[in-house]
Every structure is written in structure tokens, then in C-alpha cells.
Protein chains: 2
Amino acid sequence: VAAGPTTAAERELRRLLGPEAVRPGSERGYLSDATASRGLVGHAEAVAIPQNPDQVAATLHWCYDHNVPLTTRGGGTGLAGGAVPQGGVVLSLERLRAVHELRPELWRMHVQAGLPTADVARLAREWGLYYPPDPGAAEQSQIGGNIATNAGGPHSFKYGVTGHWVTGLELVLAPGERVVVGGPGRKDVAGYDLRSLLVGSEGTLGIITAAWLRLVPAPEAQLPILATYPTVEAGAEALSAVLGSGVVPATIEFLDTGAMAAAAGSFPGPPPGDAALTLIVEADGTTMEAERQREELKASMQPGSQRLHAPAGRGEIEALWRWRSGVSPAVTAQRGGKLSEDIVVPAERLVEAIVATQEIGRRHGLRACSWGHAGDGNLHSTFMIDPTQGAEIERAEAAAQALFALAIELGGSVSAEHGLGLVKSGTLERQWEPAAVRMHEEIKRVFDPKGLLNPGKKRARVS
Amino acid sequence: VAAGPTTAAERELRRLLGPEAVRPGSERGYLSDATASRGLVGHAEAVAIPQNPDQVAATLHWCYDHNVPLTTRGGGTGLAGGAVPQGGVVLSLERLRAVHELRPELWRMHVQAGLPTADVARLAREWGLYYPPDPGAAEQSQIGGNIATNAGGPHSFKYGVTGHWVTGLELVLAPGERVVVGGPGRKDVAGYDLRSLLVGSEGTLGIITAAWLRLVPAPEAQLPILATYPTVEAGAEALSAVLGSGVVPATIEFLDTGAMAAAAGSFPGPPPGDAALTLIVEADGTTMEAERQREELKASMQPGSQRLHAPAGRGEIEALWRWRSGVSPAVTAQRGGKLSEDIVVPAERLVEAIVATQEIGRRHGLRACSWGHAGDGNLHSTFMIDPTQGAEIERAEAAAQALFALAIELGGSVSAEHGLGLVKSGTLERQWEPAAVRMHEEIKRVFDPKGLLNPGKKRARVS
């Protein structure tokens with residue numbers, strides 16, 4: 001007794017792809033991402049769930065023929081509204097999760113875009129290899145979405161962001177052509193770097209259907225140290241000492257006082273107490289080398305600290321990182337919602353940005369905090385809100401604008417790893433010079449002359 | 001008694017930039033690069049040598065106003081004719097060699113494009129830091145040219161190619177606008193990745209005038225091992241064993257029998273003897289860690305080897321790498337000239353490509369050899385010629401075409417790190433699908449609508 005198609009898009013796509021590959025545009029699970037906690041929900045006429053890349057191409061072809069917008073969707077864990085459709089067709093890659101090739105002896109794999117990121121990491125580990133990028137929500141997020149946003153994560157400090165691990169892409173380009181750029185090889189300068197151009201393009205230039213990923217032998221040991229500091233300045237001095245230690249840490253994470261307060265309740269170990277700044281720095285390598293590095297890092301982090309916590313044993317270490325992954329939901333839980341941005345500043349301006357985030361919150365009558373990737377100068381600057389209170393959302397949006405102005409003024413960027421999506425669309429013109437903005441816009445026109453690919457997202461200008 | 005300007009371009013640029021910033025287009029030092037050994041010399045109407053980026057912008061502006069082609073030039077060490085002018089103005093960046101900022105405590109520097117690559121590496125080393133990309137001819141080549149070709153080198157296996165170390169670029173875009181993309185920050189996804197698009201674009205999309213470079217703490221020790229094998233297959237097995245050892249070597253280099261024969265005379269140590277394949281694998285890290293890794297690598301490389309050479313002490317190690325840098329000139333010296341390409345294949349096809357290079361040489365009546373970056377599947381496949389013999393150059397060019405066909409057939413690329421330049425211009429359409437070729441060409445039109453930036457280079461099609 002299922003109801004029949006309710007829109008022309010749904011009806012025609014059912015005919016094209018088969019009924020099992022199409023769902024109604026009203027299905028709420030396909031209309032939002034992690035920005036739902038700020039109240040963002042989109043709308044669509046149909047959801048296409050192709051079984052193979054030819055069906056992806058057919059879907060884009062149909063959309064291009066009929067001037068229908070298409071929003072590609074991965075795991076829906078994005079933090080910028082990049083997957084929130086503004087009408088038209090949602091294309092979900094959830095069924096494209098094949099592992100085409102796994103060559104552990106050559107340190108690489110070739111996988112479809114819908115494979116969950118955690119599966120990529122697990123497959124690598126099973127063969128003694130390591131896929132380092134570790135954005136949040138790895139179980140739910142998909143490798144294609146990670147590539148489309150060039151996702152980061154704690155271990156990007158030493159190992160680089162997602163794009164650094166991608167050697168080739170299978171794409172569908174408008175009006176519906178399947179194209180390969182790059183491949184299993186690690187070097188290629190024959191053409192302009194279309195691969196890097198598609199990485200981080202948020203579904204606005206083309207659809208990623210598969211990727212070749214590079215891997216490395218897994219480090220035998222990964223040994224984190226957590227240290228707390230009574231002042232932001234004392235923490236910043238420790239951070240400088242870490243950078244001067246000669247060790248290349250795998251991660252240099254931080255939490256400010258508000259982020260730690262939100263997450264302290266679930267801390268795996270004795271309560272961390274009242275800290276203005278917390279650092280999580282990790283040593284890795286062979287067990288012997290990681291232990292030696294950890295001692296050097298501890299010596300750098302000790303001066304001025306309140307407490308040093310170096311978990312021992314796999315269980316304790318995994319618990320610490322699980323706890324770290326839970327910081328974002330713990331902050332959300334404070335008031336039920338949040339506006340969380342991912343500004344980045346030159347590393348020497350990090351303290352200013354941490355302090356300014358709190359100050360911007362106060363000015364807008366909102367609780368504010370930040371945490372993130374200190375080594376990369378990358379803050380998740382966050383304003384806590386009750387998502388049922390429209391006035392709070394409005395104040396938080398004004399606060400976010402002040403935050404973007406700050407990032408630009410400090411010589412940074414409005415987005416380090418989440419993308420512009422919908423919520424930061426139009427901010428680029430504040431950050432880039434007119435000639436660069438023009439190139440951004442002309443590249444969009446080259447790849448998507450009808451402007452149908454994820455419309456409204458990653459725009460350079462407001463208008 | 002210097003003669004006056006002989007062309008309108010020279011006369012007008014002298015007026016615009018001052019006489020000290022302009023030289024006659026006939027100056028031979030500005031008309032060729034390392035492809036001179038295959039007989040390639042270009043022609044120009046004037047050479048501009050700007051003192052600052054505003055003069056770079058003024059030069060491009062003048063060229064755009066007057067429809068005059070402009071070929072940007074770094075150190076002139078390119079191996080694809082990318083800097084060989086086809087008329088118009090040569091713009092040399094040799095005077096833009098300032099170090100704007102060196103922040104060792106933040107692992108970064110900001111330098112002008114004309115700074116020699118060896119100076120970048122030396123500056124880093126003075127502060128205990130490391131700039132890993134190490135293309136050949138580092139003393140003469142310039143960082144801007146390295147970025148414009150996305151140059152590689154032996155240490156790219158572990159550390160990545162030049163682009164991986166560039167976080168920001170100062171550019172001049174047509175028709176003469178100064179633009180910054182990126183900066184000192186390590187992460188930024190606010191706009192499309194224009195930085196990566198310009199990296200490797202060979203002066204055909206814009207002019208790079210300065211760059212922000214990332215650095216890392218220098219490894220305390222770098223310990224190479226050279227091993228020789230009686231058959232290519234035995235060497236390939238050792239290569240597999242190295243990849244399976246769990247160690248991430250800093251380099252995995254190879255020389256085939258012809259390359260070793262050419263370079264054996266200057267080998268720093270007892271003569272290496274007759275080998276079908278030679279590998280150079282390096283361990284790095286703290287002294288203790290590098291020594292441990294070296295032992296593991298030696299154990300992997302021992303089976304089937306003729307000889308293992310692990311130089312001890314800084315002097316011996318530097319001598320080995322100096323010798324390795326001399327392989328290319330040693331091969332040139334065999335017959336006075338060479339055609340050397342930089343094809344890349346998936347690592348599992350390396351042996352096929354080594355054998356096929358020799359076979360293609362035989363078929364064209366030329367001595368052939370290869371060496372290069374085995375870990376990246378990157379061969380410098382080379383045909384030795386007497387550059388005064390036109391017929392040999394012609395046969396070598398036919399052989400190069402066969403080589404490109406091979407690279408594409410094996411799933412690789414015609415260029416891993418030298419670029420298309422002039423000598424491979426037009427090969428891209430054999431390698432990429434039509435839709436990707438179209439994107440390549442449209443991007444060129446977006447950045448250079450008049451087609452004046454390094455015309456004839458990095459073209460996708462022959463016509």
C-alpha cells in the first residue's frame with residue numbers, strides 16, 4: 001500500500017533507474033546533515049540511490065536535460081550544510097560501497113565513494129596499513145564525502161588532510177560523462193591538477209564515484225599525552241615547546257575551558273579539573289621510538305602544566321580518542337544545539353582566536369567555546385544554542401559573521417576542513433581578492449554551465 | 001658602446017621597467033633549458049628581469065595590451081622545454097630572491113620565486129629544519145620553477161612532491177593582477193583549490209612570484225643503502241620486500257644496467273660491478289631509529305643481491321647522493337646528448353617499463369637506459385644521442401612516442417615530475433578522456449583568455 005510517486009522527478013527517475021533506486025523527496029533522512037542542530041532542513045523532489053556509476057551518470061544527465069538541481073550526498077555528517085538540498089534531486093551514494101582493489105603490498109586501495117571512512121581505516125589496519133585522515137563521525141561519514149570536503153581531523157597535523165591520500169578519482173561530470181583523473185600512480189603532472197580541484201569542491205563541480213587511496217605501513221604504537229594548563233598563555237608556551245622539541249607529533253589538539261567543561265563528565269580517567277587550555281599531543285612509530293618521543297614531548301609539555309596524563313595500553317588510549325571524538329556532541333548536548341565553525345588562523349595567532357571566540361560569544365549573549373587542531377591553527381569555534389529559540393540562532397549567526405571577520409583579519413580562512421557549504425556560502429569574497437574570486441566563479445561555470453550541481457553551496461559571493 | 005634596443009618589445013619594456021631590467025631577446029642564456037642536449041633553442045624579442053612583483057605585473061600587463069607572448073623562466077634546468085620561448089618576451093625571476101619571512105619556530109618560510117632551491121634547503125637546515133623536495137640541479141633551479149612544474153626528486157617517496165610543501169602562492173594573473181591564494185596556514189577549503197591548480201601549471205596559467213613553504217624538523221640521520229642485483233627480477237623482488245618490511249623508506253631509487261654503466265666510473269667507493277638493477281633505499285629519523293630501520297631494510301634487500309653498500313659517516317653519505325645527482329649528466333656524457341622522459345607507471349608495472357625502455361631503444365637503433373624513483377613507479381627513460389646527428393634526434397623522438405604509448409597502456413602517465421613543456425605538448429589527449437581534456441583547455445582559457453602565457457606549452461592536443 002505504498003503511495004505512488006508524488007513528483008514528476010520521482011516518477012521519471014523511477015522509470016530511468018528502476019523503482020528500487022528512487023525514494024520520495026520528502027524523506028527527512030536525506031534533507032539535513034549535522035547542521036540539523038542549528039535547525040537547518042532542506043527540501044527535494046526525489047532521492048536517487050543509484051546502484052552503480054552508470055546510474056549516477058544517467059541521473060546527472062536527466063537533471064541536466066530537465067534543468068533540475070542535483071545535490072550529491074555522502075554520509076550526511078557535514079557541518080556546513082553542504083548536503084542540505086535546496087530543491088531538485090538528492091543523489092545518495094550509499095549503495096556505491098565496493099572495494100574494487102586492495103593491494104596491501106603496494107600500499108593502496110581503490111574504493112567506491114559510498115564506503116564508510118571507518119571501513120577504509122579498518123581494511124587498511126587488517127593488512128598492517130594505515131589510512132591517517134580521521135574526521136569525526138567516521139562510522140557514518142563516507143570516503144566520497146570526505147574527499148568532496150577535503151576533510152581533516154586530528155592526525156592531519158603530521159599526515160595531511162584527505163586530499164593528500166587521494167591519487168585518482170572516478171568522476172561524473174556535467175552533463176553526465178564518466179571521467180577518470182589520476183589513478184593508482186603517486187605522481188602525475190601531465191595535465192592541470194583536476195584531481196585537487198575536485199577535492200574539496202563540495203559536489204559543485206562534479207560527482208565523485210570512486211577513488212584510489214594511498215596508504216602507509218601502520219605505526220606500531222600511537223601514544224597520546226594530555227596536559228592541562230591554568231592559563232591559555234601557559235598552554236601556548238607548551239605548544240611552542242612541542243614545536244621546538246624536534247619531534248613531529250602525529251596530533252596537536254586543544255580544548256579551551258568551555259569545551260573541556262562540556263566534555264569533562266565523560267573523561268576516561270580521573271576528572272581533568274579546571275583548565276584554561278588542554279593539549280593532546282601524540283607520539284607514534286615503532287613502540288620504542290614512540291616511547292622515546294613521548295618522553296621528549298612530556299618534557300616539553302611539563303613546564304606550567306597542572307596535570308599530565310599519558311594513558312598506557314591500547315584500551316586506555318582508544319578510550320581517550322573516543323572521548324575526544326565525543327567533544328562535539330558533548331558541546332551540542334549543553335543546550336541542545338550549536339553553531340560550530342572551523343576557522344583557521346596562522347599558528348601564531350591561535351591564542352588570540354581562542355580568546356576572541358569567547359569574547360564574541362559574550363558580546364552576543366551566548367556561551368562559546370573552541371577546540372580543535374592547534375598545530376594547524378584550526379579552531380572549532382562554537383556558540384551553544386537552544387535550537388528551538390529563533391532569537392538565539394539569529395544571535396549565533398551574527399556571532400559567526402564576527403568570527404569570519406576575525407579569521408580573515410588574522411590572515412586565516414573561514415573554513416579549514418568543513419567547507420563553505422550552505423552556511424558559509426558567500427563568505428569567500430570577503431577573503432579573496434576580486435581576481436581570485438573571478439577564477440573561482442569561472443571554474444564553476446566551466447564544470448557546471450547550467451549551475452545545477454549543488455546550487456547555493458560554496459558560492460564566492462552572497463548575491 | 002652597448003648597442004641600443006633592436007626590437008620594439010625591448011625598447012618599450014626598457015621605458016616601462018628601466019634599462020637595467022631589460023636585455024636583448026638574442027641572449028642565448030635565456031633561450032634554452034636542459035633540453036639543449038637534444039638541440040632545442042628558442043627565440044625571443046626581449047628579456048625582462050623585473051626587480052619586484054609590481055614590475056612582473058607591469059610586464060604581463062604590457063604583453064596582454066600588445067598581444068605579445070610571455071614565457072616565465074626560473075633557473076632554466078627544466079627537462080621538457082617548458083622555459084624555451086617561442087617568440088615574445090622572456091620573463092626571468094632571477095632577481096626575486098628575497099626571504100620575506102623565516103619562522104623556524106613555526107616550521108615555515110615565505111620566499112620569492114627566484115630563490116634557488118638549494119638556498120631554501122640550506123636555510124631550513126641552518127635552523128634544524130628540513131625542506132624535503134630534492135629535484136636535480138638544486139643549486140641552479142629556483143623554487144618558483146620547482147612549484148611551476150611540481151618537481152619531485154628521490155625523497156618525494158616518503159615526503160611528497162613540491163606542491164605538498166606549498167601552503168600559499170603570490171601570483172600575477174592575466175591581464176596583470178597581483179593575487180594571493182593560500183598563505184602561511186596549513187589548511188584552507190574556503191575556495192576551489194587554485195593553489196594546486198597553479199602548482200605544476202608550467203607558467204601557462206599565471207606567474208608565481210612568491211610562496212609560503214612548510215618545513216619539518218630535520219631528521220637527525222639519513223642512512224642510505226645501495227644494493228645491486230644480477231637480474232631485473234631479483235631487484236624487483238627486493239623492492240617488494242622493502243615495501244613489505246613495515247619501514248617507510250625516505251627514498252626507493254633505481255638504476256638499470258645502462259644507467260649504472262654510464263655512472264659507474266665516478267662511483268664513490270669500490271666499483272659497483274655489473275648489475276641489471278641497482279636500488280638505493282634510505283632510512284631516516286633519529287640516529288637510533290634510522291640505524292634500526294637500516295638494519296631492517298638491509299635484511300629485506302639482502303636476498304638475491306650481489307652486493308650491499310651502506311655508507312657510514314656524513315662524508316660518504318653525501319658522496320653517494322652527489323653521485324646519484326650526477327647520473328643524468330653522466331648519461332648525457334655517453335654520446336653528448338640525450339632524450340630523457342619521465343614516464344610513470346603503477347608500481348607493479350615498473351619492471352615491464354624498465355625492460356620495455358631498453359627494447360624500444362633497440363628497435364630504434366639507440367642506446368637506452370632508465371633510472372629514477374622506483375617507489376613512485378617513475379622512470380627517467382632515456383635514449384642516448386649525438387646531438388649533432390639530426391637522424392638520431394628523429395629516431396629518439398619516435399622512440400619517445402613509443403614510450404608515451406607504453407606509459408599510457410600500462411595505466412600510467414607521460415609525465416611524473418618534468419611536465420609536458422614543449423617536448424610533450426599535445427600528448428595529454430592520448431592519456432585523458434575527451435571530457436577531461438576539455439576541462440584542461442577551458443581552465444587555460446579562463447586564466448589566459450588571449451593564450452599569451454607560455455604558448456605552445458602543456459597543451460592538451462597537438463593541433
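How many residue pairs are in polar contact across the interface of chain A and chain B? Keep that in mind as you color the two chains; what you're looking at is a predicted model. The answer is 27, counting pairs with both residues at pLDDT 80 or more.

**Stop 1: the interface.** Select the residues of each chain that touch the other: you should get 77 from chain A and 77 from chain B. Together the chains bury about 6,300 Å², with 63% of that on carbon and sulfur atoms. On the chain A side, pick out Lys187(A), Val189(A) and Tyr192(A): these lose the most area to chain B, together 16% of what that side buries.

**Stop 2: a salt bridge.** Stay on Lys187(A) and show Glu417(B) as well. Their side chains form a salt bridge, 2.8 Å from N to O. The count between the two chains is 11 salt bridges.

**Stop 3: α15 of chain A.** Now highlight 434-447 in chain A, which is α15. This helix gives the largest share of the side that touches chain B, 10 residues. Color that whole side by residue type and you'll find 36 nonpolar, 21 polar and 20 charged.

**Stop 4: past the helix.** Carry on into the segment after α15, where Asn454(A) sits and Lys458(A) too. Asn454(A) has a positive phi, near 45°, and Lys458(A) has one of about 50°. Both are buried: Asn454(A) at 2% relative accessibility, Lys458(A) at 1%.

**Stop 5: a cis bond.** Finally, go to the loop between β8 and β9 of chain A and find Pro175(A). The peptide bond from Ala174(A) to Pro175(A) is cis, omega near 5°. Hop over to chain B: the bond from Ala174(B) to Pro175(B) is cis as well, with omega near 5°. For context, most peptide bonds are trans.

Note on methods:
Residues are numbered from 1 along each chain as its sequence is written. Chains are lettered from A and ligands numbered from 1 in the order in which they are written. This is a predicted model: local features need pLDDT of at least 70, side-chain atom pairs count only at pLDDT 80 or more; totals for chains, interfaces and linings use all residues. Side-chain values use heavy atoms; hydrogens and water are left out. Contact means heavy atoms within 4.5 Å. Buried area is the accessible area (1.4 Å probe) that two parts lose on being put together, summed over both. A salt bridge is a side-chain nitrogen of Lys or Arg within 4 Å of a carboxyl oxygen of Asp or Glu. A polar contact is a pair of N or O atoms within 3.5 Å; within protein, one must be able to donate a hydrogen and the other to accept it, and residues adjacent in sequence count only if both atoms are side-chain atoms. Helices (H or I, at least four residues) and strands (E, at least two) are DSSP runs, numbered from the N terminus. Ala, Val, Leu, Ile, Met, Phe, Trp, Tyr, Cys and Pro count as nonpolar, Asp, Glu, Lys and Arg as charged, and the others, Gly among them, as polar. Buried means under 20% relative accessible area, exposed over 50%, partly exposed in between (1.4 Å probe, protein chains only).
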